[in-house]
Amino acid sequence: MTDVKKSRRRPRSDGQRNREQLLDVAKTAFTMGEVDIPLDEVARRAGVGIGTLYRHFPNRDALIEAVYRAELDRLAEAAPVLAAQHPPVEALRAWMRLFVDYIAAKQVIAPALNGLVGGTGALYAHSGDVLKAAVNSLVSAAIAAGEFRADIEPLDLLRALAGVSNFSAGPGWESSAKRLVDILIAGSRSLAS
């Protein structure tokens, strides 16, 4: 008997489209405060059957986690794209602004995340690793280009932005945090740049 390795098929385009539509509907519902939205309502709003929803997300926790991971993936995937399209400091600036948007999305779905069976420890640990890798690569490029001081700690930039979101989570905190991005960039510049 020979061992046959099962290869994982790529999802069909309609299946991928359905998955993305379900994630968008769920994120919108969570954003509007509908943390306990019934799964059949998510499916209805997405224009798919409940079986399609369960094929992609076997339970509520899987859907909630997928919404969070989709936001994280968007942020992680942006780092190399921005680095390829912009000078190092401008790529970092653009990514940090996206990080503010990510924090805002995370705050919106936090009530749903807090209800996950098994907690959020592993999920948040994974996100920390992803965020560290992205910001480290962008800051390293800015330092290598001579645009940033060599003593800049990449995580300090994220901590400052997260701190603003925790300190003033009221209306308008995102614009304040995005202004802070410019302040952080200016304070991180090397004297030569």
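A salt bridge here is a side-chain nitrogen of Lys or Arg within 4 Å of a carboxyl oxygen of Asp or Glu. The legends below use that rule on a predicted model, and the count comes to 14 salt bridges.

**View 1. Glu71 and Arg74 form a salt bridge within helix H4.** Welcome to the first close-up! The closest N and O atoms of Glu71 and Arg74 are 2.4 Å apart, which fits the cut-off of within 4 Å. Both residues belong to helix H4 (residues 60-85), where they sit three residues apart, about one turn of the helix. Is Glu71 buried or exposed? Glu71 counts as buried, because its relative accessibility is 12% and buried means under 20%. Its partner Arg74 counts as partly exposed, at 44% relative accessibility.

**View 2. Glu71 and Arg74 also belong to a network of salt bridges.** Let us stay with this pair for a moment. Which residues are linked with Glu71 and Arg74 in the network? They are Asp24 and Lys27.

**View 3. Glu34 forms a salt bridge with Arg45.** In this pair, the closest N and O atoms are 2.8 Å apart. Glu34 lies in the loop between helix H1 (13-31) and helix H2 (39-46), while Arg45 lies in helix H2, so the salt bridge ties together parts that are eleven residues apart in sequence. Glu34 is partly exposed, with a relative accessible area of 29%. Arg45 counts as partly exposed too, with a relative accessibility of 36%.

**View 4. Arg189 forms a salt bridge with Glu147.** Here the closest N and O atoms are 3.7 Å apart. Where do the two partners lie? Arg189 is in the segment after helix H8 (173-188) and Glu147 is in the loop between helix H6 (121-144) and helix H7 (154-167), so this pair ties together parts that are 42 residues apart in sequence. Arg189 is partly exposed, its relative accessible area being 28%. Glu147, by contrast, counts as buried at 18% relative accessibility.

**View 5. Residues 16-75 carry a UniProt domain annotation.** To finish, here is a stretch of the chain that has a label in a record. An unreviewed UniProt entry lists residues 16-75 as "domain: HTH tetR-type". In the model, this span is 78% helix and 0% strand. How many ångströms separate the C-alpha atoms at the ends of residues 16-75? They lie 19 Å apart.

Note on methods. Residues numbered from 1 in each chain as written. Predicted model: local features only at pLDDT ≥ 70, side-chain atom pairs only at ≥ 80, totals over all residues. Heavy atoms only, no water. UniProt positions renumbered as here; feature names shortened; annotations may be inferred. Helix = DSSP H or I, 4+ residues; strand = E, 2+ residues; numbered from the N terminus. Buried < 20%, exposed > 50% of the residue type's maximum accessible area, 1.4 Å probe, protein only.
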